[in-house]
Amino acid sequence: MSKAVCPGSFDPVTLGHLDIIGRAARLFDEVVVALGVNPSKSRWFSPEERIAMMERACAPFPNVVVRGFTGLVTEFCAEQRAVALVKGLRSSSDFDYELPMAHMNVALTGIETVFLPASTGQSFVSSSLVKEVVSFGGDVAAFVPDFVLEALLERAAQRR
Ligand code: PNS
């Protein structure tokens, strides 16, 4: 059985993430969405909230599971007996950011990284931009699931 890991902070999950996860789920027997819960960055949503949103968003994919992880993603992949990491690429700057990590990860444990190009309609969508637009009152309904939009609007109001 081939298993892949899709890692990220997913703060929150966007339709861009789901595009990559859904396509990975067609390439591998099982996909583990690995939600980084390291407390290094300031987040809008707690690990529990991010995991709950991701689980709901991935419900249509029967071969996708969601897990939180701390520490090195390579260690998580080894624990899971995954054969690959899957990352989405939106642009050449994503590639520049991801390439050294892919090299480091394969040097650490031999885990390969599979890059999937973001679908054209999602290539500009990021959690950071979605949060910025929402915080200034913009409409991001086209870029996140409905229940994520509700959570974003509620959190933006709390942060004002
Ligand atoms: O969505 P993000 O913020 O780009 O996700 C980052 C994440 C969680 C995938 C990345 O920070 C990560 O892999 N963290 C685990 C620590 C690690 O393995 N670092 C070395 C990478 S070569």
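## Exercises on a predicted model

Arg81 lies in the loop between helix 3 (73-80) and strand 4 (84-89). This structure is a predicted model.

**Exercise 1.** Decide whether Arg81 is buried or exposed, and find what stands out in its backbone.

*Solution.*
Step 1. Take the relative accessibility of Arg81, which is 72%.
Step 2. Apply the cut-off: exposed means over 50%. Arg81 therefore counts as exposed.
Step 3. Turn to the backbone. Arg81 has a positive phi of about 55 degrees, although it is not a glycine.
Step 4. Set this against the usual pattern. Most residues other than glycine have a negative phi.

**Exercise 2.** Study the loop between strand 1 (3-8) and helix 1 (15-27) at Phe10 and Pro12.

*Solution.*
Step 1. Place the residues. Phe10 is in this loop, and Pro12 is there too.
Step 2. Check phi. For Phe10 the angle is near 50 degrees, a positive value in a residue other than glycine.
Step 3. Check the burial of Phe10. Buried means under 20% relative accessible area. Phe10 has 7%, so it is buried.
Step 4. Look at the peptide bond between Asp11 and Pro12. It is cis, with omega about 5 degrees.
Step 5. Recall the general case. Most peptide bonds are trans.

**Exercise 3.** Describe the surroundings of the ligand, starting from its pocket.

*Solution.*
Step 1. Locate the ligand. It sits in the largest pocket.
Step 2. List the residues around the ligand: Pro7, Gly8, Ser9, Lys41, Phe69, Gly71, Leu72, Val73, Met101, Met104 and Asn105.
Step 3. Sort this shell by class. It has six nonpolar, four polar and one charged residues.
Step 4. Trace the shell to its elements. Strand 1 (3-8) and helix 4 (92-109) each supply at least two residues. Helix 4 gives the largest share, three residues.
Step 5. Find the polar contacts. A polar side-chain atom of Ser9 is 2.8 Å from an oxygen atom of the ligand. At Val73 a backbone N or O atom lies 2.9 Å from an oxygen atom of the ligand.
Step 6. Add the areas. Taken alone, the ligand exposes 560 Å², and the protein buries 71% of that.

**Exercise 4.** Place Val66, decide whether it is buried or exposed, and state how far apart Val66 and Ser46 are in sequence and in space.

*Solution.*
Step 1. Val66 belongs to strand 3 (residues 64-69).
Step 2. Its relative accessibility is 6%, so Val66 counts as buried.
Step 3. Val66 and Ser46 are 20 residues apart in sequence. In space, their C-alpha atoms are 15 Å apart.

Key
Residues are numbered from 1 along each chain as its sequence is written. This is a predicted model: local features need pLDDT of at least 70, side-chain atom pairs count only at pLDDT 80 or more; totals for chains, interfaces and linings use all residues. Side-chain values use heavy atoms; hydrogens and water are left out. A residue is near a molecule or strand if one of its heavy atoms lies within 4 Å of it. A polar contact is a pair of N or O atoms within 3.5 Å; within protein, one must be able to donate a hydrogen and the other to accept it, and residues adjacent in sequence count only if both atoms are side-chain atoms. Accessible areas come from the Shrake-Rupley method with a 1.4 Å probe; for residues, only the protein chains shown count as cover. On a 1 Å grid over the protein atoms alone, a cavity is a set of points where a 1.4 Å probe fits but cannot get out, and a pocket is an open set with protein on both sides within 12 Å along at least five of seven lines; lining residues have an atom within 4 Å of a point. A molecule sits in a cavity or pocket if more than half of its atoms lie within 2 Å of its grid points. Helices (H or I, at least four residues) and strands (E, at least two) are DSSP runs, numbered from the N terminus. Ala, Val, Leu, Ile, Met, Phe, Trp, Tyr, Cys and Pro count as nonpolar, Asp, Glu, Lys and Arg as charged, and the others, Gly among them, as polar. Buried means under 20% relative accessible area, exposed over 50%, partly exposed in between (1.4 Å probe, protein chains only).
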